[in-house]
Amino acid sequence: MKAVVLYDTAYGNTKTIAESVASGLGRGAAAVPVGGFDPGALHPGDLLVVGSPINGWKPTARITEALAELGRRGLTGVKAAAFDTRVKMFIHGDAARKIAKALAAAGAGIIGEPMAFYVKGSEGPLIDGEAERAAAWAAGLAASLGSGNE
């Protein structure tokens, strides 16, 4: 199984979370920026985790475009999960849920609840402990797959 953490970032916070997720998934997992992603490299049995900062109450345009391409290609047999980075507020968007819905619509099997990671203001930095929480969340995703990332 190959594991890819696809992300877009505005100020580097989502990149930090994506790298922590890749670390938590185990050996062979890679954090890949949306501009360097090849959707044709995914195969049944792979794990795809997609993350984006909230941008106008939704994922960034580049992640939305990547999800549309994945929808056209299909993700049958691919396991998937989603996360976003956001400011901790009473009201906010929910990019992670929108990402998870797009992944499921493309045929992926969603293996965990969408997750939010928090920043201190629109440019960050991350709230203390969020990178560690991301690695722990990813380890839980890997464990839910049974044998983890091989």
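**Group meeting: aromatic rings, a helix pair and some odd backbone**

Okay, let's start with the rings: there are three aromatic pairs in this structure. Keep in mind as we go that we're looking at a predicted model.

When I talk about a ring pair, I'll give you two things, the distance of the centres and the angle of the planes. Take Phe 83 and Trp 137: their rings sit 6.3 Å centre to centre with 75° between the planes, an edge-to-face pair. And this one links distant parts of the chain, with Phe 83 coming from strand β4, residues 79-87, and Trp 137 from helix α4, 54 residues apart. Are these two buried or exposed? Phe 83 has 0% relative accessibility, so it counts as buried. Trp 137 comes out at 11%, and because the cut-off for buried is under 20%, that tryptophan counts as buried too.

Now stay on Trp 137, as it has a second partner to look at. Phe 117 and Trp 137 are also edge-to-face, at 5.9 Å centre to centre and 70° between the planes. Again the pair links distant parts of the chain: Phe 117 is in strand β6, Trp 137 in helix α4, and they're 20 residues apart. Phe 117 is buried, just as Trp 137 is. Put it together and you get one aromatic cluster made of Phe 83, Phe 117 and Trp 137.

Next, helix α4 itself. What does it look like where α4 packs with α1? Helix α1 is residues 13-25, helix α4 is residues 130-144, and they pack at about 40° with the axes 7 Å apart. That angle is why we call α1 and α4 oblique to each other. As for handedness, the α1 and α4 crossing is right-handed. On the α1 side, the contact residues are Thr 16, Ile 17, Ser 20, Val 21, Gly 24 and Leu 25. On the α4 side there's a run of alanines, including Ala 131, Ala 134 and Ala 135, and Trp 137 from our cluster is in the contact as well. By type, the α1 and α4 contact splits into 11 nonpolar residues, three polar and one charged.

Let's go back to strand β6, where you'll also find Tyr 118. Its relative accessible area is 18%, so Tyr 118 is buried. What does Tyr 118 touch, leaving out residues up to four places away in sequence? The list is Arg 86, Val 87, Lys 88, Leu 126, Ile 127, Glu 130 and Arg 133. Tyr 118 and Thr 14 are 104 residues apart along the chain, yet their C-alpha atoms are separated by 9.7 Å.

For contrast, look at Gly 35, in the loop between β2 and β3. At 66% relative accessibility, this glycine counts as exposed. Gly 35 and Val 87 are 52 residues apart in sequence and 24 Å apart in space, C-alpha to C-alpha.

Last bit: the backbone. Most residues other than glycine have a negative phi, and most peptide bonds are trans. So where are the exceptions to look at? One is Trp 57, with a positive phi of about 75° even though it isn't a glycine. You'll see Trp 57 in the loop between β3 and α2, and its 49% relative accessibility makes it partly exposed. Another is the cis peptide bond joining Gly 124 and Pro 125, with omega about 15°. That proline lies in the loop between β6 and α4.

Notes:
Residues numbered from 1 in each chain as written. Predicted model: local features only at pLDDT ≥ 70, side-chain atom pairs only at ≥ 80, totals over all residues. Heavy atoms only, no water. Axes fitted to C-alpha atoms, helices over the stretch in contact; angles between N-to-C directions. Helix = DSSP H or I, 4+ residues; strand = E, 2+ residues; numbered from the N terminus. Parallel < 35°, antiparallel > 145°, perpendicular 65-115°, else oblique. Left-handed = near helix turned anticlockwise from the far one by under 90°. Contact = heavy atoms within 4.5 Å. Nonpolar A, V, L, I, M, F, W, Y, C, P; charged D, E, K, R; others polar. Buried < 20%, exposed > 50% of the residue type's maximum accessible area, 1.4 Å probe, protein only. Phe/Tyr/Trp six-rings, centres within 6.5 Å; stacked < 30°, edge-to-face > 60°.
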